[in-house]
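Here is a structure to read slowly, with questions that ask what each description rests on.

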Amino acid sequence: MSSDSEDKYITIHSSSDFKAMHLAGHLAASCLDYITPFVIPGVTTEKLDRLCADFIFDHGGISACLNHLGYPKSICTSVNHVVCHGIPGNKILEEGDIINIDVTPILDGWHGDSSRMYYVGKVGVKARKLCEVTYESMMLAIKIVKPGITLGDIGHTIQEFVEKKRFSVVRDFCGHGTGRVFHEPPNVVHYGQPGQGMVLREGMIFTIEPMVNSGRCETKTLADGWTVVTKDHNLSAQFEHTIGVTSDGYEIFTASPAGLHCPI
Ligand code: MF3
Ligand code: CO
Ligand code: CO
């Protein structure tokens, strides 16, 4: 599809929409800040779900994940070789685990979608490196965002950096447009060629959420219909921000108020 025909499916947002997204994104980021001290050995992922759900509710939001296409919980908790969409349950976190927590509060009708990696106690060198590279790949891509660049430029930036570090980029899941709708066009894939794909314009709002594997990029979905794991059972990491394209760059709606973007 040419960029012209793709363009008509893309919502262009106003500055008041951006203000609303900053509030929703602030709630997402505050929730991820709030949960940080609870991510310790011995805690269950269900407890993290409950704490986040209550935090979001207490701050005037509701979770977009709960009941989304039948999803049973309020957040996603993806531990070690789980790539994404891990369902909170009776799993007990252990020293050395890495976990992605993904939250999407809806505030006043707007979606703030963000995730981070957390270290459970002391974490091994390889796992920490994977998390650092994943975070840096997302930030490198965010920093090139402005009107006129393409989705291929974003994907290429992530892929090139990740593969240089000898990790792999997951192809089976991608970032997405968001705003009043949880997931809308465009698909923001985390691999690609410079100059290819849709051209960015002021007012677009989307997520960048690279999933990076320490082994091969292939994934499979478990029988619960949600939990996505690495096929080779190696570790996987992910970070996610929701951003908007401005006249000369970008705004990050989900920046951490406490400066806890990454557990480095
Ligand atoms: N927050 C996820 C994303 O980044 C979507 C989770 S959908 C759920 O797009 F149903 F699994 F919660
Ligand atoms: Co998302
Ligand atoms: Co998310």
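**Ligand and metal site**

Q: What makes the pair formed by E240 and ligand 1 a polar contact?
A: In this predicted model, an N or O atom in the side chain of E240 lies 2.9 Å from an oxygen atom of ligand 1, and since a polar contact is a pair of N or O atoms within 3.5 Å, the pair counts as one. Taken alone, ligand 1 exposes 340 Å², of which the protein buries 96%.

Q: Which distances place the side chains of D113 and H183 in polar contact with ligand 1?
A: A polar side-chain atom of D113 is 3.1 Å from an oxygen atom of ligand 1, and one of H183 is 2.8 Å from an oxygen atom of ligand 1; both values are within the limit of 3.5 Å.

Q: How do you know that D113, H176, E209 and E240 are donors of the cobalt ion (ligand 2)?
A: Their donor atoms, OD of D113, NE2 of H176, and OE of E209 and E240, lie 2.0 to 2.2 Å from the ion, and a donor must be an N, O or S atom within 2.8 Å of the metal, so these residues qualify.

Q: Why is the arrangement around the cobalt ion (ligand 2) called irregular?
A: The 6 donor atoms subtend angles of 52 to 159°, whereas six donors count as octahedral only if angles other than those between opposite donors lie between 65 and 115 degrees; the angle of 52° falls outside, and the arrangement is therefore irregular.

Q: What is D113's part in relation to the cobalt ions, ligand 2 and ligand 3?
A: D113 coordinates both ions, which are 3.4 Å apart.

Key: Residues are numbered from 1 along each chain as its sequence is written. Chains are lettered from A and ligands numbered from 1 in the order in which they are written. This is a predicted model: local features need pLDDT of at least 70, side-chain atom pairs count only at pLDDT 80 or more; totals for chains, interfaces and linings use all residues. Side-chain values use heavy atoms; hydrogens and water are left out. Donors are N, O and S atoms within 2.8 Å of the metal (3.2 Å for Na, K and Ca); water is not among the atoms, so sites may look incomplete. Four donors count as tetrahedral if all angles lie between 85 and 135 degrees; four count as square planar and six as octahedral if opposite donors are over 155 degrees apart and all others between 65 and 115; anything else is irregular. A polar contact is a pair of N or O atoms within 3.5 Å; within protein, one must be able to donate a hydrogen and the other to accept it, and residues adjacent in sequence count only if both atoms are side-chain atoms. Accessible areas come from the Shrake-Rupley method with a 1.4 Å probe; for residues, only the protein chains shown count as cover.
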